[in-house]
Amino acid sequence: LLIATVDHWKKPTQLLIIPMSTWLGMQEAFIGADFTLAYIACAWGVHNIGYVMTCFGVCACISSLLIGRVTYWVGRPVVFLTAGAINVGCMVTMLTWLPSPDEFYVYFLISGLWGVADGVWSPQVKALYGAIFPDTAEAAFTNAGLWIALGFILVYLVGGGMCMSLKLAIYIGIVIFSLVCYVLIELIERS
């Protein structure tokens, strides 16, 4: 399985899906660590983290339940581009917003929208692996797990020494790069 996983890297579509897979892990780690610490805990209080993250979880759950049907109606590209736009919009808001306990609804809005995007990324990235690698599913899903976990690790490993504005700028770049790679995957698959 290890050899099959590494051999899978020779496929252009596997290389193109790596940024999106890594982003999936990064965005989950970001919302659970950086957002809760830098925005909720510091500005509104540690005791409110559970409420805001419950909003994230509920929105992610509902989004995950509905996304299969929505993808059927509008197509996978629209769904991925919308999730990317939601993430970028949330990050731009975090870059420009000065957190305040008086604006508690913004915490819920950001976490809820991030949950909607997470409800797209989690199932749809894995479904994309299944769709583009039906003959090598085992190696493909092993790669999915590997790159998702790497994204998770990167947030914790590298992110501790960076200021939030730099992190958000890097994450915005990663989302955009991931979506460009995804569009290339769709073009390859259609040809």
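In this predicted model, Trp147 counts as buried, at 16% relative accessibility. Its ring is paired with that of Trp9, with centres 5.9 Å apart and planes at 55°, so the pair is tilted. The briefing below proceeds from aromatic pairs to the nonpolar core, salt bridges, cysteines and two individual residues.

**Aromatic pairs**

- The count of aromatic pairs comes to 16.
- Trp9 lies in the loop between helix H1 (2-7) and H2, whereas Trp147 lies in helix H6, so their pairing ties together parts that are 138 residues apart in sequence.
- Trp9 is partly exposed, with a relative accessible area of 32%, while Trp147 falls in the buried class at 16%.
- The planes of Trp9 and Trp147 are described as tilted because their angle of 55° lies between the limits of 30 degrees for stacked and 60 for edge-to-face.
- One aromatic cluster is formed by Phe35, Tyr39, Trp44, Trp97, Phe104, Tyr105, Tyr107 and Phe108.

**Nonpolar core**

- The largest nonpolar core holds 52 residues, of which Phe35, Phe80, Met91, Met94, Trp114 and Trp121 touch the most other members.
- At least two residues of this core come from each of H2, helix H3 (49-74), helix H4 (76-96), helix H5 (104-132), helix H6 (137-158) and H7.
- Helix H2 makes the greatest contribution to this core, with 13 residues.
- Phe35 appears both among the core residues that touch the most other members and in the aromatic cluster.
- Trp121, another of those core residues, is in contact with Met20, Trp23, Leu24, Gln27, Phe80, Ala83, Gly84, Asn87 and Leu179, leaving aside neighbours within four places in sequence.
- The contacts of Trp121 include Phe80, which is likewise listed among the core residues touching the most other members.

**Salt bridges**

- The model contains four salt bridges by count.
- Lys167 and Asp34 meet through their side chains in a salt bridge, at 3.1 Å from N to O.
- Lys167 lies in helix H7 (residues 164-190) and Asp34 in helix H2 (residues 12-43), so this pair ties together parts that are 133 residues apart in sequence.
- Both partners of this bridge are buried: Lys167 has 7% relative accessibility, and Asp34 has 11%.
- Asp7 and Lys10 also form a side-chain salt bridge, with an N to O distance of 3.4 Å.
- Asp7 is partly exposed, at a relative accessible area of 37%, and Lys10 is exposed, at 66%.
- A further salt bridge joins the side chains of Arg190 and Glu186, at 3.8 Å from N to O.
- Arg190 and Glu186 are four residues apart in helix H7, so about one helical turn separates them.
- The two ends of this bridge fall in opposite classes, with Arg190 exposed at 64% relative accessibility and Glu186 buried at 9%.
- Salt bridges link Arg76, Glu186 and Arg190 in a network.

**Cysteines**

- The count of disulfides is zero.
- For Cys42, which is in no disulfide, the nearest cysteine sulfur is that of Cys163, 14 Å away.
- That distance of 14 Å does not satisfy the disulfide rule, because the rule requires the sulfur atoms to be within 2.5 Å.
- Cys42 counts as exposed, at 62% relative accessibility, whereas Cys181 counts as buried, at 5%.

**Individual residues: Thr13 and Gly173**

- Thr13 is found in helix H2 and is buried, with a relative accessible area of 7%.
- Apart from neighbours within four places in sequence, Thr13 is in contact with Ile132, Phe133, Ile185, Ile188 and Glu189.
- Gly173 is found in helix H7 and is partly exposed, with a relative accessible area of 34%.
- Gly173 and Gly45 lie 128 residues apart in sequence, and their C-alpha atoms are 30 Å apart in space.

Definitions and conventions:
Residues are numbered from 1 along each chain as its sequence is written. This is a predicted model: local features need pLDDT of at least 70, side-chain atom pairs count only at pLDDT 80 or more; totals for chains, interfaces and linings use all residues. Side-chain values use heavy atoms; hydrogens and water are left out. Buried means under 20% relative accessible area, exposed over 50%, partly exposed in between (1.4 Å probe, protein chains only). A nonpolar core is a set of buried Ala, Val, Leu, Ile, Met, Phe, Trp, Tyr and Cys residues joined through side-chain atoms within 4.5 Å. Contact means heavy atoms within 4.5 Å. Rings of Phe, Tyr and Trp (its six-membered ring) pair if their centres lie within 6.5 Å; planes under 30 degrees apart count as stacked, over 60 as edge-to-face and the rest as tilted.
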